[in-house]
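Trainee: Could you take me through one part of this structure closely, and then connect that part to what surrounds it?

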Amino acid sequence: MIRLEKVSYSYPDGTPALKNINLDIKKGEFIGVIGKNGSGKSTLALLISGLLRPQTGRVMIGGMDTCDPSKLKEIRKFVGIVFQNPETQFVGRTVEEDLAFGPENLCLPPVEIRKCVDMALAETKLEKYRYRSPKTLSGGQRQCAALAGVLAMKPECLIFDEVSSMLDPESGMAVLETIKKLHKKGKTIVYITHNLEELHDADRILVMEKGRVRLDGDPESVFSDTSLQSLGLALPSLTELAMKLRMHGVTIPWEKTSSPQNFAEEICRLFLKT
């Protein structure tokens, strides 16, 4: 579905952002991308979305080359991106107007535009806010409105660039749950974050450092990799606790580290068993 072949990109001052990246993303995958600031995560997102073009190598989106100007309109329909600050994406006076902007640019008929807007509002549970200004919404609601604006374009792949970093934990979790539901409905997800706690249910995790992919695997293998902390990344607290318990002969199954409730239930089961 998405392929990067020997892709490199440098900032205007010559500093390398990505170095010789090879990457395949399959349809329907949930890919988590993590790394310290400056590791190349956001540059990767911009290249996958077609907003940047590789300086060497090529990026193929649904069989289309992002360096082909004639394909950019189709690529931007195929891939949608939601940024850290939703304010940068709002163009309408109301949520409804904002959601209609993308479909209108595609020259869809009014009836189809209305269907796209209604669908996006329903997916993000923002129906009752359709006539409100996006600026009057809470942080979590604004992020959902930005997501709804992208959904109205009906993309196959959705990229999220640290969308929870400016939110309180409760709002961040609500946005993440909406994203997981979209994945279950078949959307391909590329989720960039600084928080490994959010990636327990991802299909794959990419760990980036200095413009390169250092680790690429399922969450269990990445979280248990001894090099993770040397890359400056903190393990999820439950994963770290499970590893320390294992050193004392207490084994907690991986799936039980997905939430405090599951972890506590397993501890209680082990305690009662003894």
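Mentor: What follows is a close look at the six-stranded sheet and at the helices and loops around it. Please keep in mind throughout that the model is a predicted one. As a frame for the discussion, the unreviewed UniProt entry carries the annotation "domain: ABC transporter" for residues 2-235, a span that is 32% helix and 26% strand and whose end C-alpha atoms lie 29 Å apart.

The sheet is open and mixed in its pairing, and its six strands follow the order β6-β7-β8-β3-β9-β10. At its edges stand β6 (79-82) and β10 (212-217), and because each of these has a single partner strand, one side of each is left without a neighbour in the sheet. If direction is ignored, neighbouring strands of this sheet are turned against each other by 20 degrees on average. Within the sheet, strand β3 (residues 30-35) runs parallel to β8 and is joined to β8 by five bridges, and Gly32 stands opposite Tyr191 in β8.

Two helices that pack on this sheet deserve attention, beginning with α1, which touches β3, β6, β7, β8 and β9 and whose direction makes about 145 degrees with that of β6. The second is α5, which touches β6 and β7 and whose direction makes about 165 degrees with that of β6.

Helix α1 (residues 41-49) is largely enclosed by the rest of the structure, because seven of its nine residues are buried; these are Lys41, Thr43, Leu44, Ala45, Leu47, Ile48 and Ser49. After α1 comes Gly50, which has a positive phi, near 85 degrees.

Helix α5 (residues 139-151), for its part, also packs against helix α4 (residues 110-124), at an angle of about 140 degrees and with the two axes 9 Å apart. The crossing of α4 past α5 is right-handed, and the residues that make the contact are Met119, Ala120, Glu123 and Thr124 from α4, together with Cys144, Leu147, Ala148 and Leu151 from α5. Sorted by class, this contact has six nonpolar residues, one polar residue and one charged residue.

Two acidic residues in loops lead back to the strands. Glu162 is found in the loop between β7 (157-161) and α6 (169-184), and since its relative accessibility is 13%, below the 20% cut-off, Glu162 counts as buried. Leaving aside residues up to four places away in sequence, Glu162 touches Lys41, Gln84, Ile192, Thr193 and His194, and of these Lys41 is itself one of the buried residues of α1.

Asp203, by contrast, is partly exposed, with a relative accessible area of 33%, and its place is in the loop between β8 (188-193) and β9 (204-209). With residues up to four places away again not counted, Asp203 touches Gly28, Glu29, Phe30, His183, Asp218 and Pro219. Asp218 is 15 residues from Asp203 in sequence, while their C-alpha atoms are 5.9 Å apart in space.

A second sheet can be set beside the one described so far. In this open sheet four strands pair in the antiparallel sense, in the order β2-β1-β4-β5, and the edges are β2 (16-25) and β5 (64-65), each with a single partner strand, so one side of each is left without a neighbour in the sheet. Strand β4 (residues 56-61) pairs with β5 over two bridges, and Met60 stands opposite Asp65 in β5.

How values were computed:
Residues numbered from 1 in each chain as written. Predicted model: local features only at pLDDT ≥ 70, side-chain atom pairs only at ≥ 80, totals over all residues. Heavy atoms only, no water. UniProt positions renumbered as here; feature names shortened; annotations may be inferred. Pairing = 2+ DSSP bridges. Axes fitted to C-alpha atoms, helices over the stretch in contact; angles between N-to-C directions. Left-handed = near helix turned anticlockwise from the far one by under 90°. Contact = heavy atoms within 4.5 Å. Nonpolar A, V, L, I, M, F, W, Y, C, P; charged D, E, K, R; others polar. Buried < 20%, exposed > 50% of the residue type's maximum accessible area, 1.4 Å probe, protein only.
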